[in-house]
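Please open the structure in your viewer and keep the sequence beside it, so that each selection can be followed in both places.

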Amino acid sequence: MSKELSDASSFEIRILGPFRVAVGGVPVSEDRWARRKAKILVQLLALEPHHQLHRDQIVDLFWPEYEPEAAANNLYKTIYLARRALEPRLSSRAESKFIAVRGSRVILRAPGRLWIDADEFERRA
């Protein structure tokens with residue numbers, strides 16, 4: 001992981017090759033991803049322009065056959081699990097530094113630096 005990412009407000013995602021995530025320069029271990037869809041959500045957001053998706057897009061990708069209420073419940077459970085993987089000490093009422101829900105948008109962000117290898121590759125290409 002990058003040496004320049006040394007504080008807890010930085011967020012590094014590698015999606016070219018094996019998927020890897022680091023928060024504050026510390027790798028997020030594979031066992032912290034409680035469900036596969038939580039990991040895929042982070043990957044999807046990392047690949048999207050502006051690192052955000054409308055919640056309906058996520059629901060359509062993950063649970064197209066579910067009723068709207070059940071799909072919404074699964075979405076919020078998936079967001080919760082993704083947040084817990086990235087911030088294991090996050091209390092249930094605290095706002096995540098890395099995954100936000102603003103209206104109907106789910107947003108990947110960082111209070112410090114958000115670094116994604118695919119963005120860096122595109123910038124340099």
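The tour below goes from one strand to its partners and then to aromatic rings.

This is a predicted model, in which local features need pLDDT of at least 70 and side-chain atom pairs count only at pLDDT 80 or more, while totals for chains, interfaces and linings use all residues. Residues are numbered from 1 along each chain as its sequence is written, and side-chain values use heavy atoms, with hydrogens and water left out.

Select residues 11-14, which form strand E1; strands (E, at least two residues) and helices (H or I, at least four) are DSSP runs numbered from the N terminus. In a regular strand the side chains alternate between the two faces of the sheet. Here Phe11 and Ile13 lie on one side and Glu12 and Arg14 on the other, and all are buried (under 20% relative accessible area, with exposed over 50% and partly exposed in between, using a 1.4 Å probe and protein chains only).

Next add residues 20-23, strand E2, which pairs with E1 in the antiparallel sense over four bridges; two strands pair if DSSP finds at least two bridges between them. Isoleucine 13 stands opposite valine 21, and in the turn of this hairpin glycine 17 has a positive phi of about 90°. Then select residues 114-116, strand E7, which runs parallel to E1 and is joined to it by three bridges; there isoleucine 116 is the bridge partner of isoleucine 13.

Finally, show phenylalanine 11 with phenylalanine 98, a tilted aromatic pair at 4.7 Å centre to centre and 50° between the planes. Rings of Phe, Tyr and Trp (its six-membered ring) pair if their centres lie within 6.5 Å, with planes under 30 degrees apart counted as stacked, over 60 as edge-to-face and the rest as tilted. Phenylalanine 98 sits in the loop between helix H3 (68-86) and strand E5 (99-102), 87 residues from phenylalanine 11.
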